[in-house]
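Visitor: Could you show me how to read the features of a model like this one, step by step?
Guide: Gladly; let us look at it together and take one feature at a time.

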Protein chains: 2
Amino acid sequence: MHRLLILSRRAADYERPIAAARLPDLAAMIVTEDPAEALRRAGGCDLALGEPSLLAQVLPQMPALQWVQATWAGVEPLLAQGLRRDYMLTNARGVFGSLMSEYVFGYLLAHERLILARYASQQAGRWDRTTPGSLRGKRIGLLGVGSIGAALARTARGFGMRVHGYTRSSRDCPDVDAYFHGDDRVAFAAELDYLVCVLPHTAATHRLVDGLLLRALPPRAVFVNPGRGDVVDEDALADALQSGRLAGAVLDVFQREPLPPESVFWRLPNVLITGHTAAISFPADIAPVFIDNYRRLLAGEKLKYEVDFERQY
Amino acid sequence: MHRLLILSRRAADYERPIAAARLPDLAAMIVTEDPAEALRRAGGCDLALGEPSLLAQVLPQMPALQWVQATWAGVEPLLAQGLRRDYMLTNARGVFGSLMSEYVFGYLLAHERLILARYASQQAGRWDRTTPGSLRGKRIGLLGVGSIGAALARTARGFGMRVHGYTRSSRDCPDVDAYFHGDDRVAFAAELDYLVCVLPHTAATHRLVDGLLLRALPPRAVFVNPGRGDVVDEDALADALQSGRLAGAVLDVFQREPLPPESVFWRLPNVLITGHTAAISFPADIAPVFIDNYRRLLAGEKLKYEVDFERQY
C-alpha cells in the first residue's frame, strides 16, 4: 500500500482527478498547499506529487520516500546541492509543447504582423496600411530540441520557416533542417531571424546565451526566452538590446523573479515581459501524467520522464 | 504574338520577374501605375495583369482583350453591372493561405495569450501572472473553405482546435471536422469560440454575417474578418459588440475603406482594426501565377483560378 503527499498551490485540483481514478493500493492522500502542514503530516508518505519549490522543503522529512512526480518541467529546486537523491524523480513532460508553441508563435506573429504598432495606430484613429512581415521563409533557431523544442519545430515548419536546432547530442527531430552542437553556437546563430531558448538550466547550459552567441545574431533577430533565466547572461542581453545589435526580446523568465523594479528590462522599449506564464502547469494536464506513472509503478514498469540527477534534466 | 498590359501600383515589381522569365510570343509589355496612361497606350493589348479596381477603368477600351489575370483574390470591381464579360478572368489564389493563417492565428493567439493586456501591465511595471488561455480544444468556425479556408483549417488543427466549416457546397477539406450549408448558419455558430470569415463578396454572401448569425454565437466568441466588409451587416455587428453578446472582433475589411472617422468601430474597446492588410498581394507571389497561366494559355491548356462571372468568384 502507498501513501501520497500532494503539495501544490492547486492541490485540490490534483486531488480530484486522482481520487476519481480510484487507483489501486493507494491507502491515503495528504493534500495541502502548505509545506509546514506537509512537514507535520506527510512523514509516512512514500510518494509525492507537487511543485518542486515546495517539495524541496519537505523531502528531507520523508524517510519512506520512493518516488516524486514534479508538476513542473523544471526541477532545479530538487537538484540543489545537499538535497537527497535516493528516490526516483519524474518531471512533467509532453504536456508543455502545445502551450509553448502558442506562446512563442503568438509573439512571433505579433512581431511580424505589427500587432502592437497597429493597436497604437487604432488608438490614434489612423487607418494603418503598413505592410506586415511574414514568418514564411524566415529562420528560427531552437536552443534545445526535446519534446518542447520538437513541438516548436513542427509549428515553425507549418508556417514555412527553416529550423535550426542546437542540442547537446540529439538529432532525431524530423522538423529540424540543420543541427548544431557544442562549439557550433556562432554558426547556429548566424542568419537567424528568431532565437528561442527552451533549454533546462543545468551546469552545462548556465549562461549559454552570452555575449558571444548574441553577437553572432543578425541585428534583425528577436530573442524569445520561455525557458530558464539562468541560461542567459542578462547583462550581455541588455547590452545587445540597448546597442541595437538585437532587434528585440520576449522574456518570460529571469534570473530573479518576479523581475525586480530596478531591472533595466522594464525600461527597454524593444522588450516584452510576460511574467513566467509561457507554459502553466494545468492539473488537467499533469494529473494524467501522475496517474499513468503510478500504474507503471504498480506494474513494476519503467516510469516516464525520469530525471537524471547527474545530467540535471 | 501577345501584348500585355501591366496595370498596378507595383507595376515595376511585376515587370521585372515577367521580363526575366523571357516568355515566348510576348511581343510587348505596357507597364504603368496610371489608368489614364493605360487608356492611351494599351488599346492593342490582348492580355492584362493588374489590380481589379484599376483594370475596371481600362477594360472597356481594349478591343482585343482575351485574358485578365487579377493580382487580388477579390475581383468585385470587374464583376460590376454593365462591365464586359467577353474575356477570361483569372484571380490570385493559392498564395494567400499562409498569409491569412499568420494574420488570423496571430490575432487568435494574441487574444488567448493576453498580449495587449500583458503589454499594458509591463508599461505599468507590473509582473503579470494572469493565467492565459489556449487554442487547444477550442472551436473555430470558418465561413468559406476554399484554398484560404483550407489553410486556416490546417493551422487550426495544428493548434489542436476543432474546425467547423460553412460552405456553399464543398466538403472535401480533410481538416474540417463538421460541415454546414445553407440554412445551417445557427447550428454552425453555436458553441464557436472564433468565427472567421473568408468568403468572397457575392450576391449569395451579401450581409451573410447578420444579426441572426451573430446572436447564435456564444458571448465568449470573437469574430475575425479578413475577407470582405460587404459580407457583414455592420450595424448588427456593432450592436452585438456594444451589448456584450460578442466578446470581440478583429476587423481588416469594412463596407467603406479607409474606415471613416465617424465609424463606431474606432470607438469600441473590444475591436481591433488592421487596415486591409491581412493578405497583401506581393508581386513575388503573384508574378509566378501569371507566368504559369501564360504558359498554359500558349499550350492551349485550361488556366488556373478562372473566375465564374455568374457565380462571382
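## Reading the features

Guide: Let us begin with Pro258(A), which is found in the loop between strand 11 (248-251) and strand 12 (271-273) of chain A. Please keep in mind throughout that this is a predicted model.

Visitor: What is the peptide bond from Glu257(A) to Pro258(A), cis or trans?

Guide: The general idea is that most peptide bonds are trans. Here, however, the bond that runs from Glu257(A) to Pro258(A) is cis, with omega near -10°. In chain B, a cis peptide bond joins Glu257(B) and Pro258(B), where omega is about -10°, and Pro258(B) is placed in the loop between strand 11 (248-251) and strand 12 (271-273) of chain B.

Visitor: And how should I read the sign of phi, for example at Tyr305(A): is it positive or negative?

Guide: As a rule, most residues other than glycine have a negative phi. Tyr305(A) is not a glycine, yet its phi is positive, at about 65°. This residue lies in the segment after helix 10 (283-298) of chain A. Turning to chain B, Arg207(B) is not a glycine either, and it has a positive phi of about 55°; its place is the loop between strand 9 (194-197) and helix 8 (211-216) of chain B.

Visitor: Why does Arg207(B) count as partly exposed?

Guide: The idea is to count neighbours: a residue with 20 or more other C-beta atoms within 10 Å is buried, one with 12 or fewer is exposed, and those in between are partly exposed. Arg207(B) has 16 C-beta neighbours inside 10 Å, and therefore it counts as partly exposed. Tyr305(A), with 18 other C-beta atoms within 10 Å, is partly exposed as well. Gln242(A), a residue of helix 9 (residues 234-243) of chain A, has 13 such neighbours and is likewise partly exposed. For chain A as a whole, 46% of its 313 residues count as buried.

Visitor: How many helices and strands are there in chain A?

Guide: Chain A has 10 helices and 12 strands. Among the strands, 5 form an open sheet in the order 2-1-3-4-5, with parallel pairing.

Visitor: Which strands of chain A stand at the edges of that sheet?

Guide: An edge strand is recognised by its partners, and here strand 2 (26-32) and strand 5 (88-90) of chain A each have a single partner strand, so one side of each is left without a neighbour in the sheet. From one strand to the next, the twist averages 15°. To follow one pairing in detail, take strand 1 (residues 2-7) and strand 2 of chain A, which pair in the parallel sense over 6 bridges; the partner of Leu4(A) in strand 2 of chain A is Met29(A).

Visitor: Which strands does helix 1 (residues 11-20) of chain A touch as it packs on the sheet?

Guide: Helix 1 of chain A touches strand 1, strand 2 and strand 3 (47-50) of chain A, and its direction makes about 160° with that of strand 2 of chain A. Helix 10 of chain A packs on the sheet too, touching strand 3, strand 4 (67-70) and strand 5 of chain A, and its direction makes about 160° with that of strand 4 of chain A.

Visitor: How do strand 10 (residues 222-225) and strand 11 of chain A pair, and over how many bridges?

Guide: Those two strands pair in the parallel sense over 4 bridges. The chain passes from strand 10 through helix 9 to strand 11 of chain A, and this β-α-β crossover is right-handed. Ala249(A), in strand 11 of chain A, is the bridge partner of Phe223(A), and its partner in strand 12 of chain A is Val271(A).

Visitor: Finally, how many residues of chain B are in contact with chain A?

Guide: A contact here asks for C-beta atoms within 7 Å, and by that count 38 residues of chain B are in contact with 38 residues of chain A. On the side of chain B that touches chain A, helix 4 of chain B gives the largest share, 9 residues. The residues of that side divide into 19 nonpolar, 12 polar and 7 charged.

Methods. Residues are numbered from 1 along each chain as its sequence is written. Chains are lettered from A and ligands numbered from 1 in the order in which they are written. This is a predicted model: local features need pLDDT of at least 70, side-chain atom pairs count only at pLDDT 80 or more; totals for chains, interfaces and linings use all residues. Two strands pair if DSSP finds at least two bridges between them. A crossover is right-handed if, with the strands pointing away from the viewer, the path from the first strand over the helix to the second runs clockwise. Two residues are in contact if their C-beta atoms, placed from the backbone, lie within 7 Å. Ala, Val, Leu, Ile, Met, Phe, Trp, Tyr, Cys and Pro count as nonpolar, Asp, Glu, Lys and Arg as charged, and the others, Gly among them, as polar. Axes are lines fitted to C-alpha atoms, for helices over the stretch in contact, and angles run from 0 to 180 degrees between N-to-C directions.
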